[in-house]
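Hi everyone, thanks for making time this morning. Let's pull up the structure and walk through it together.

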Amino acid sequence: MSEIWIAVIGASAIAFALKYFGHSVPEKYLNNPRALRINTLIPIALLSALVAVQSFSEKTTLVIDHRITGMAVALIALILKAPFPVVVLGSAAASALTFRIMN
Amino acid sequence: MKRATASASLSVSFTVGLYGIAFGAAGIAAGFSLLQTCLLSLLTFSGASQFAVVGVMGAGGSAISAISTASLLGVRNSLYGLRLAPLLKLKGLKRVVGAQITIDESTGVALGQSDLGEDAMRQGFWLTGIGVYIFWNFFTVVGALGAQAMGDPAAWGLDAAVPAAFLGLVWPRLTNKLERTLALSAMLLALVMTPFVAAGVPIISTALLAVAFGWKARR
């Protein structure tokens, strides 16, 4: 089985187990304030790391390429409180334009 | 059926479902097949976790780091279930179905109906959960087929659209200085580690930063 299939099936199985678990345990086991606080911070750390890695790396090499204009546009759009589709499409358009100019 | 609840559920379902286009395209851009991309939406059904799987694999990471990153992002669904369990009191098959649609949006709408009573809350949960499920999966197929038709992801800006989508997901969560500092630190740590460790490891490692920040912090 390919790595991708393992990832698809493994991630799905654990995702469901986590959801089901929540509906099945008594509440008192999971309302420690520290655990709750860390739980809200984990997505921030992981998603931010994904943003950085997907914008500025190619496998295990750091690079600055056409994507940087896309990220700049996304950042500006978010600061201006643009809706999600504008952020994503604006970023794609800027990056694609830069890619075509450079290649 | 409460009209306000139904309309909140429907508008959330449709708007969130539309993001499925971005996910479908991201899956193809990361080298997943149409089937693999659609199965993630059908089975994993948790936006951030799905983006993490294709993001980590697309960056050359291993299945283990993709699964761990996605699972850490899915822990919050446990907490939602915990919160909703006393309200929904699900058993048997209903618990299986209810668990699968326990996500950010169904929980958000359910809790948002508390002024209208428990019936409205339950209604909000089911309508939003099922609604997002339908729209999210439909638009995943649309995005994946669109991306397949496009060819080179870079020529269409897809390789920037994916991190832009992540940025859009994390942005509303950055409500105070601690969270913003954490976001910047996680970005820096991940980039600094990138040349030295296997792909995927820099991302999952930042979970430790979240633990460190959350351990002592007072909001």
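Let me begin with the contacts in chain B of this predicted model. If we take the pairs that are at least 6 residues apart in sequence, 70% of those contacts join residues at least 24 apart.

What secondary structure does chain B have? Ten helices and zero strands. Read from the N terminus, the order is simply α-α-α-α-α-α-α-α-α-α, which makes my job of describing it rather easy. The radius of gyration of chain B comes out at 18 Å, close to the 17 Å that the globule rule gives for 219 residues, so the chain is as compact as a globular protein of that length. If you like boxes, the C-alpha atoms of chain B fill one of roughly 55 × 50 × 30 Å along the principal axes. And of the 219 residues in chain B, 58% are buried.

Now to the domains. The assignment splits chain B into domain 1, residues 3-173, and domain 2, residues 175-219. Their centres, taken over C-alpha atoms, are 23 Å apart.

How many residues of each domain are in contact with the other? On the domain 1 side of chain B there are twelve, and they meet ten residues of domain 2. On that domain 1 side, helix α4 of chain B, residues 63-88, gives the largest share, with five residues. Sorted by class, the domain 1 side that touches domain 2 in chain B has five nonpolar residues, six polar ones and one charged one.

That's my tour, so over to you for questions!

Conventions: Residues are numbered from 1 along each chain as its sequence is written. Chains are lettered from A and ligands numbered from 1 in the order in which they are written. This is a predicted model: local features need pLDDT of at least 70, side-chain atom pairs count only at pLDDT 80 or more; totals for chains, interfaces and linings use all residues. Domain bounds come from an automatic or database domain assignment. Two residues are in contact if their C-beta atoms, placed from the backbone, lie within 7 Å. Helices (H or I, at least four residues) and strands (E, at least two) are DSSP runs, numbered from the N terminus. Ala, Val, Leu, Ile, Met, Phe, Trp, Tyr, Cys and Pro count as nonpolar, Asp, Glu, Lys and Arg as charged, and the others, Gly among them, as polar. The radius of gyration is taken over C-alpha atoms; the globule rule is 2.2 Å times the number of residues to the power 0.38. A residue is buried if 20 or more other C-beta atoms lie within 10 Å of its own, exposed if 12 or fewer, and partly exposed in between; C-beta atoms are placed from the backbone.
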